[in-house]
Amino acid sequence: SEEFAMSENGSIETLSVYNDYRDIAVHVLQWAESINPKDLTAQYNNYVGNVLRIGAKIAGGYAFGFDHDFLGGNIAYTKKALYCANDALTILQRDLKESKYLTRKQYFYFHERLFALRNNIGIYIQEMREQFYNDL
């Protein structure tokens with residue numbers, strides 16, 4: 001709901017890195033739902049789980065806000081999103097690239113989007129760190 005997404009910092013939906021996450025999460029879920037549950041492996045589950053945790057960690061960090069006293073918590077949670085993005089990329093490259101359930105086009109789409117998202121999360125963390133140190 002809109003009320004849940006609002007904080008004193010405004011809506012999380014104004015955060016571009018979160019919107020980038022939502023876009024890829026929708027595509028990953030649509031892809032995952034197209035696979036017969038009998039054919040799902042631990043790698044598929046880990047991939048989808050890591051992609052979904054990215055948004056949860058970004059939202060968790062955002063909930064801390066951007067005041068200096070709480071910015072460290074925001075950074076810590078957002079770093080967890082970065083770890084999830086890295087893990088999802090590793091699983092995609094190592095375990096799913098040659099999967100019969102993932103077309104070449106889907107693989108490159110997921111890789112490109114996850115790679116960009118991971119980089120943008122890193123930039124977002126760096127911006128928060130700069131804010132933290134500039135506020136000292």
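## A cluster of rings

Let's start with the aromatic side chains: Trp31, Tyr44, Tyr47, Tyr101, Tyr109 and Phe110 come together in one aromatic cluster. Keep in mind as you look around that this is a predicted model.

How do you describe two rings that sit beside each other? A pair of aromatic rings is described by two things, the distance of the centres and the angle of the planes. Take Tyr47 and Phe110, two members of the cluster. Their ring centres are 6.2 Å apart and their planes meet at 50 degrees, so this pair counts as tilted. The pair also ties together distant parts of the chain, since Tyr47 sits in helix 3 and Phe110 in helix 5, 63 residues apart.

Are these two rings buried or exposed? Tyr47 has 0% relative accessibility, so Tyr47 is buried. Phe110 has a relative accessible area of 3%, so Phe110 is buried as well.

## The whole chain

Now zoom out. The protein chain holds five helices and two strands, and if you follow the sequence, they come in the order α-β-β-α-α-α-α. The C-alpha trace spans about 50 × 30 × 20 Å along its principal axes.

Of the 136 residues in the chain, 37% are buried. The chain exposes about 8,100 Å², and 51% of that comes from carbon and sulfur atoms. What about contacts between residues at least 6 apart in sequence: how many of them join residues at least 24 apart? The figure is 71%.

## Helix 2 and its two sides

Helix 2 is a good one to trace by eye. It runs over residues 16–33, which gives it 18 residues, and it reaches 26 Å from its first C-alpha to its last, close to the expected 26 Å.

Which residues of helix 2 are buried? They are Val17, Tyr18, Tyr21, Ile24, Ala25, Val28, Trp31 and Ala32. These buried residues cover an arc of only 140 degrees around the axis, so they end up on the same side of helix 2. Turn to the other side, and you find Ser16, Gln30 and Glu33 exposed. As for the buried residues, they pack against helix 3 (42–64), helix 4 (68–96) and helix 5 (104–134).

## Two tyrosines in helix 2

By the pairing rule used here, the count of aromatic pairs comes to 11. One of them is Tyr18 with Tyr21, a tilted pair with 5.7 Å from centre to centre and 45 degrees between the planes. Both tyrosines belong to helix 2 and are three residues apart, about one turn of the helix.

Why do both count as buried? The cut-off is under 20% relative accessible area. Tyr18 comes in at 16%, so Tyr18 is buried, and Tyr21 is buried too, because its value is 9%.

## The nonpolar core

The largest nonpolar core has 38 residues, and the ones that touch the most other members are Trp31, Tyr47, Ile54, Ile58, Leu114 and Ile121. Helix 2, helix 3, helix 4 and helix 5 each chip in at least two residues. Helix 4 gives the most, with 11 residues.

Want to pick out one core residue on screen? Try Ile121. Setting aside neighbours within four places in sequence, Ile121 is in contact with Val17, Ile54, Ile58, Thr78, Ala81, Leu82 and Ala85. Val17 in that list is one of the buried residues of helix 2, while Ile54 and Ile58 are among the core residues that touch the most other members.

Methods: Residues are numbered from 1 along each chain as its sequence is written. This is a predicted model: local features need pLDDT of at least 70, side-chain atom pairs count only at pLDDT 80 or more; totals for chains, interfaces and linings use all residues. Side-chain values use heavy atoms; hydrogens and water are left out. Helices (H or I, at least four residues) and strands (E, at least two) are DSSP runs, numbered from the N terminus. The expected span of a helix is 1.5 Å times one less than its number of residues. Buried means under 20% relative accessible area, exposed over 50%, partly exposed in between (1.4 Å probe, protein chains only). The arc is that of the directions from the helix axis to the C-beta atoms. Contact means heavy atoms within 4.5 Å. A nonpolar core is a set of buried Ala, Val, Leu, Ile, Met, Phe, Trp, Tyr and Cys residues joined through side-chain atoms within 4.5 Å. Accessible areas come from the Shrake-Rupley method with a 1.4 Å probe; for residues, only the protein chains shown count as cover. Rings of Phe, Tyr and Trp (its six-membered ring) pair if their centres lie within 6.5 Å; planes under 30 degrees apart count as stacked, over 60 as edge-to-face and the rest as tilted.
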